[in-house]
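Trainee: I would like to learn how the words used for a protein model are justified. Could we go through one together?

Mentor: Gladly, let's have a look.

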Amino acid sequence: MFYLQYAARNLWRRRRWSAFAVFSIAAGVATMVALRSLGLAIGDSLTSNVRASNHGDITIQQGVGGGFAFMANAPDDESSGIQPDEIGALESWTAERGGEMTSYIVSSTVQVAAIDAVTAGRPQFITSYFIEPATYPPTQDIVALDPPGIPLGQLFQGGNEVVISENLASAQNIAVGNNVRVSGTTEEFVVRGIVPTESEAGLRNLVAAFFGFAYFDKALAEPLSINPNPNSISILLPESRAPQTTEDSEAVASELRGFFQGRTGRTNINVRTVPELVRQNQQIADLTGRFIVVMGLGAMLIGGVGIVNTMLVMVRRRTEEIAALKTFGLKGRQVALLFMAEALILGVVGSLIGALIGIFLSALANAYGETLIQQNLVFRIYPEAILFGLGLGVIVSVVFGVMPVLTAAAVRPGIILRPNETYIPRTGIVRSIAALLFVVVALGIIAGQIIGNILYGMVGVAVTLAFLGLLIGLLWIFVWFVGRLPAFGNVDLKLALRNLRAGRVRTATTLLALSAGMFALSSITFFGTGIREILQTTLSGSLGGNVLIFSVLPSSLSGPVIEQRLDSLEGVQSRTRILNYSADIVAINGEAVDGAAANARRDEILQELRSMQGGLDQLGRIQELSTELETLPNYNLSVSVRDTTGENFGGADNIAAGRGLLPQDRGQLVMVMREEEYLSLGVSIGAILTLDVGNQTYDVELIGMQRASGGTFGDTAMPPDVLRGS
């Protein structure tokens with residue numbers, strides 16, 4: 001008790017410095033508790049009501065992913081989508097199990113905008129759902145925000161009407177009852193309701209989270225030039241018949257995939273079940289939670305800087321007291337325990353205060369989290385987060401108190417005979433290295449427990465501390481330079497500059513703490529407000545323009561009308577049409593190839609990967625299958641053709657071998673291939689590939705290989721005026 005009482009008395013006598021240290025550690029603990037609570041809340045959101053977010057126990061999708069479906073249900077392709085006989089068979093399959101089923105269309109080719117909206121320069125990729133109002137979703141849990149409490153199905157009254165998401169309504173200032181424009185028709189639509197964004201948006205549908213979505217009656221698909229064949233099906237089963245385990249999920253998924261493959265031979269069917277989604281969402285939640293906590297460790301390091309600064313000042317101002325204690329008989333280790341007790345008290349008090357503040361901050365963190373994932377996060381107190389923050393705060397305080405403790409223990413008793421001399425003993429190289437190793441090991445164990453590998457945690461902490469040391473060195477040089485600036489006769493400025501020179505290390509560490517805090521705040525602001533602009537800019541560059549026109553009629557009819565209209569507009573710098581084709585490689589350099597075996601093996605690998613649990617014991621097999629999948633030749637290519645009046649024909653960016661497409665290549669049988677396909681096929685620049693596109697063959701010369709980060713939409717890029725219909 002002597003150590004604790006003496007430490008508490010000293011801290012009380014130096015309340016100003018103690019308060020600063022308590023505030024430093026409290027800020028770090030509060031941040032950690034808030035972020036840890038956010039991670040747990042996200043985990044609960046992702047895993048607590050998966051059945052509702054999946055709109056049933058089973059979801060079947062063809063060629064749709066993440067809500068971004070440019071090519072979904074092309075109106076001129078009657079074979080796309082799930083056919084009526086397949087839907088009838090699935091309805092019978094569902095009825096035999098006592099379930100409910102609904103079919104719908106997901107597309108990103110129908111856009112919604114307010115009557116007076118100016119969307120030029122701001123690409124809007126709104127996800128559109130063409131549903132059967134009476135049956136969508138089978139869970140019947142989508143309720144409107146406006147008019148409040150009305151189920152989704154009851155909002156539709158017939159005619160030209162639409163129900164939109166909350167974020168879309170907010171972005172374009174649309175209210176219930178307003179008329180809006182819908183691409184594909186000149187008629188106006190009336191907004192019948194506004195539903196929560198989390199009804200469709202989330203980590204699995206970020207496009208809907210950023211841009212919003214809209215519901216239409218499925219009967220309006222054909223009038224809006226959308227193929228009426230559904231591309232998605234949701235099935236709700238009684239709990240006794242629903243898949244409960246991963247094995248059940250794989251059995252059901254295999255049965256349904258086999259159903260489609262047996263009837264039509266198609267393999268592009270994705271089956272999602274609730275147990276599989278729970279497993280995947282849990283992995284996402286774990287990774288997200290770990291990432292958030294690792295980011296929060298930065299705040300704890302800032303708190304540790306406050307502890308170090310405070311205790312070094314205390315040691316510097318109490319050298320005579322320490323010398324007197326040693327004169328009275330206390331040994332160096334006992335003096336060290338006194339200062340360690342002070343660090344412990346500071347850590348406990350700061351952690352308790354920080355935990356209380358963190359509970360209130362977690363509500364604010366949840367609000368930011370809801371904005372990020374567009375999912376409702378229920379606020380509640382997580383004891384795990386509080387205990388985690390308390391323990392981490394105390395440990396960090398003690399760990400960062402080691403260096404000042406070693407400095408205090410090195411004070412010699414003889415200083416009491418020279419009270420007018422300011423002398424701070426050096427810790428020594430050996431002790432300093434030992435203290436640094438202690439910090440790395442202690443914090444590395446904590447970080448390793450979070451990321452799942454202690455060795456990686458220690459390496460990460462060591463690298464982080466080395467980087468922080470480099471930053472402190474640079475800031476030390478900056479402080480030295482500022483301290484040498486002229487005072488211009490100003491006494492206050494001269495004293496301030498002198499103080500900077502006197503405590504350069506302390507000033508540099510304080511600047512580092514302030515810089516880290518501002519960096520965190522600016523990063524949050526940048527992520528929250530800048531990600532949308534970055535996405536829009538990226539998409540604008542990839543698409544070749546900042547105004548998007550979605551053709552309603554066939555290109556032979558709509559093309560001349562659009563060209564005539566663009567010719568009459570001022571400010572149009574270039575115009576680009578993006579055309580996509582599917583091509584089969586039938587020969588390479590005149591030698592025939594057979595892609596059936598490669599495609600069959602590819603399907604086997606994908607099916608085995610889907611069935612895996614993702615455990616650590618399966619990492620070797622996953623890596624083996626992934627490597628084999630990457631090396632399998634892909635004889636079915638997606639070809640992107642960019643017909644533009646500008647200079648960018650696609651495939652000209654990030655060329656790793658050969659050259660890109662140039663304006664003089666128009667009409668020439670040449671192509672640029674993406675690196676992944678290039679390597680898997682084992683071809684070389686100059687090879688002649690015979691492609692089958694729409695039952696017509698073309699002998700195309702390979703002139704370039706493009707890195708995967710290039711701007712090509714498909715596996716390959718070709719110039720316009722080559723393929724039929726381009």
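Trainee: Which helices each supply at least two residues of the lining of the second largest cavity?

Mentor: They are α2 (15-48) and α11 (332-373). Helices here are DSSP runs of H or I with at least four residues, strands are runs of E with at least two, and both are numbered from the N terminus. Before we go on, this is a predicted model, in which local features need pLDDT of at least 70, side-chain atom pairs count only at pLDDT 80 or more, and totals for chains, interfaces and linings use all residues. Residues are numbered from 1 along each chain as its sequence is written, and side-chain values use heavy atoms, with hydrogens and water left out.

Trainee: What makes a space a cavity?

Mentor: On a 1 Å grid over the protein atoms alone, a cavity is a set of points where a 1.4 Å probe fits but cannot get out, and lining residues have an atom within 4 Å of a point. Grid points are joined across faces, edges and corners, and the volume is the space filled by probe spheres set on the points. The search of the whole structure finds two cavities of 30 Å³ or more, and the second largest holds about 30 Å³. Its lining consists of V33, S37, I359, S362, R380, I381, Y382 and I386.

Trainee: How many residues of each class are in that lining?

Mentor: Five are nonpolar, two polar and one charged. Ala, Val, Leu, Ile, Met, Phe, Trp, Tyr, Cys and Pro count as nonpolar, Asp, Glu, Lys and Arg as charged, and the others, Gly among them, as polar.

Trainee: Why is Y104 called buried?

Mentor: Buried means under 20% relative accessible area, exposed over 50%, and partly exposed in between, with a 1.4 Å probe and protein chains only. Y104 has 4% relative accessibility, so Y104 counts as buried. Y136, at 1%, counts as buried too.

Trainee: How many aromatic pairs are there, and what is the rule?

Mentor: There are nine aromatic pairs. Rings of Phe, Tyr and Trp (its six-membered ring) pair if their centres lie within 6.5 Å; planes under 30 degrees apart count as stacked, over 60 as edge-to-face and the rest as tilted.

Trainee: Why is the pair of Y104 and Y136 called edge-to-face?

Mentor: The ring centres of Y104 and Y136 are 4.8 Å apart and the planes stand at 70°, so the pair is edge-to-face. Y104 lies in strand β2 (residues 100-107) and Y136 in the loop between β4 (127-131) and α5 (152-155), so the pair ties together parts that are 32 residues apart in sequence.

Trainee: What makes F213 and Y215 edge-to-face?

Mentor: Their centres are 5.5 Å apart and their planes at 75°, so this pair is edge-to-face. Both F213 and Y215 are buried. Ring pairs link Y104, Y129, Y136, F213 and Y215 into a cluster.

Trainee: Why does K218 count as buried?

Mentor: K218 has 17% relative accessibility, so K218 counts as buried. K218 is found in the loop between β8 (213-217) and β9 (232-236). Leaving aside residues up to four places away in sequence, K218 touches S103, Y104, I105, F130, I131, E132 and P230; contact means heavy atoms within 4.5 Å.

Trainee: How do you know that α13 is mostly covered?

Mentor: Seven of the eight residues in α13 (residues 402-409) are buried, namely V402, P404, V405, L406, T407, A408 and A409.

Methods
On a 1 Å grid over the protein atoms alone, a cavity is a set of points where a 1.4 Å probe fits but cannot get out, and a pocket is an open set with protein on both sides within 12 Å along at least five of seven lines; lining residues have an atom within 4 Å of a point.
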